[in-house]
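Open the structure in your viewer and keep the selection panel at hand, since this tour goes from one selection to the next. Take a moment at each stop before reading on.

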Amino acid sequence: MTVPPTTAPDDLGVGSFTDGGPWLVEPDQLVWRRRLDRIRAATHAEVPHLTRRRRLPPGARVVRVGRLLGGAVGGWYLAERRRAPGTPESRAGLSRRLRKAFEKLGPTYIKLGQIISSGEGIFPEELVGEFRLLRDRVPAEPFEVVRQIVESDLGRPLDDVFSRFDPIPVAAASIAQVHPAVLRHTGQRVVVKVQRPDVSELVRRDLAVMSWIAPALVGRIPVSALANPPALVELFAETIVEELDFRLEAENMLDIARLLAVEGERAVVVPRPHPTLVTRRVLVMERLDGFGFDDVAGMKAAGVDTEAVVRACMVMLLEGAMLHGVFHGDLHGGNLFVRPDGKVALLDFGITGRLSPARRLAFLRLLIGGTIADMRMQVNALVGFGALPTDTDIEVVIKDLKLDGPPVDPTKLSAEELTAEIRDLTKKLLGYGAHLPKELMLFVKDMLFIDGALASLAPDLDVLAEITNVATYFAIHHGEQIMSDVGIDVTKMEVDIDGVRSAFGVSDPVDKLTHRDLQKRRDIIRARMEQRHRRDRK
């Protein structure tokens, strides 16, 4: 249903959308939503089949994959590893070789690299930095290929649907590319997301290859976050298979827009998916514009409160995960615009975290346990979240991992000692059967992005005060629901500021801590580690 642009839209109760909507979102009238629950369930059920361990190699593709990845690791072993084992130079060499191999292997591996590239703090900085290059190195499909896909899926000639369709995409990623367009019959400006041809088949074939190769890589990659390749492949499969059906992405848009509206969080807006022009491979949506997330000068010149921008993103993420079990799973600068009115436009919902009721409650306990420094609550929550087996002995884990003792000060360890600590912790966790659930990885990745956003948008924001303010906000606005969900009265809890300082590696009792201060401390720690490493090598 189309509304005149001067009419205030009546769908703001449905979701947090823009005030001047090109059409109304009426969920019950959206034909593409039919049977989506079955489609999502079938998609999830496909993952175990795609990632099962095979005795025989799955086709000729495995030869090319093995040759390129084996060549990358082998070349690194003979060059950088021998020349400078355990150093940033060595890690940079391996990262560079893997990135080049991923580029040659195509969309599936490029997508995996892009996910790793937004995992700063989870993966080594050399790997993250190198794989960031994959975001800008995906060539666009020819326009005639795009035309064929759009016409095939919409069942009409392109010119019957659009009066203008820009043949040059504004974005080209591993799975799809995005084209600006104008609808013929209404003149509305839209963007059209089009899936690359044959990518669905290629992804499934590549997942089979990854699952066959991964067991042979256990213990062979000198990166703790990659210590369990089969688990990483399974996690990646859970993430990517949903991206292959744009109807699921459109539903993700509606779900997140709805929870924002329910919570009254109008500082973040979601583009409206078109009522009819959504298929498995084509997604037409409202076009939103704004400042790039790195255009801090432009925002400030327009009078945008950049601290409020970061705060809106954080509250959106926490409310979505803790209270609704749904959150955007791929926050990064390319998926966010800041509009001149200060509202954040949230884009690209292909990767979305969805927590079952039981996992949402476990996640809620995990965050509350972290806020009050209750280690037993946190480990119990990890069991409930599926990160640790259900028969895990909580007390043994706490003692074995030294979680009840003071945190390790990285400035007092050499690079080898710190690496050994991380390796030992990883081995112990794997020994307990631990793995990183998809939703937990996505949440951690999002929080790391917000941490980085603080550095550019709000470097002088008092982090300690902000954590206290956010905790107070949730106690006031959501204390009753949290009490009902987990039986904890958060209005009587106090944030463990000492624990927060320790988590940031701050031992002195400072009353104020800005992100600028944190970055200085991190730089000092990194410099000391490198100095110790150079001294130990001599």
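Is Asp-245 buried or exposed? Keep that in mind while you select Asp-245 in this predicted model, in the loop between helix 9 (229-240) and helix 10 (246-262). Asp-245 has a relative accessibility of 8%, and because buried means under 20%, this residue counts as buried. Now display its side chain together with that of Arg-247, where you will find a polar contact between the two side chains at 2.7 Å. If you then leave aside the neighbours within four places in sequence, the residues in contact with Asp-245 are Ile-39, Gln-195 and Arg-280.

**The whole protein**

Zoom out and colour by secondary structure, so that you can look for the 20 helices and 12 strands of the protein. Of its 538 residues, 49% count as buried, and the accessible surface comes to about 25200 Å², with 54% of that belonging to carbon and sulfur atoms. Among the contacts with a separation of 6 or more, 70% are made by residues that lie 24 or more positions apart.

**Strand 4 and its partners**

Next select strand 4, residues 189-195, where six of the seven residues are buried, leaving the strand mostly covered. Add strand 3 (residues 176-183), which pairs with strand 4 in the antiparallel sense over seven bridges; to see one pairing, pick Gln-177, whose bridge partner in strand 4 is Val-194. These two strands form a hairpin with five residues between them, and in the turn you can find Gly-187, which has a positive phi of about 75 degrees.

Then add strand 7 (residues 282-286), which runs antiparallel to strand 4 and is joined to it by five bridges. Here Val-190 is the residue to pick, standing opposite Glu-286 in strand 7. As you look along the strands, remember that in a regular strand the side chains alternate between the two faces of the sheet.

**A sheet of four strands**

For the last stop, select the open sheet of four strands in the order 5-11-10-8, which has mixed pairing. Its edge strands, each pairing on one side only, are strand 5 (268-269) and strand 8 (291-292). Strand 5 pairs with strand 11 (residues 344-346) in the parallel sense over two bridges, and Val-268 stands opposite Val-344 in strand 11. Finally, show helix 12 (residues 306-324), which packs on this sheet and touches strand 5, strand 10 (336-338) and strand 11, while the direction of the helix makes about 40 degrees with that of strand 11.

Technical notes. Residues are numbered from 1 along each chain as its sequence is written. This is a predicted model: local features need pLDDT of at least 70, side-chain atom pairs count only at pLDDT 80 or more; totals for chains, interfaces and linings use all residues. Side-chain values use heavy atoms; hydrogens and water are left out. Buried means under 20% relative accessible area, exposed over 50%, partly exposed in between (1.4 Å probe, protein chains only). Contact means heavy atoms within 4.5 Å. Accessible areas come from the Shrake-Rupley method with a 1.4 Å probe; for residues, only the protein chains shown count as cover. A polar contact is a pair of N or O atoms within 3.5 Å; within protein, one must be able to donate a hydrogen and the other to accept it, and residues adjacent in sequence count only if both atoms are side-chain atoms. Two strands pair if DSSP finds at least two bridges between them. Axes are lines fitted to C-alpha atoms, for helices over the stretch in contact, and angles run from 0 to 180 degrees between N-to-C directions.
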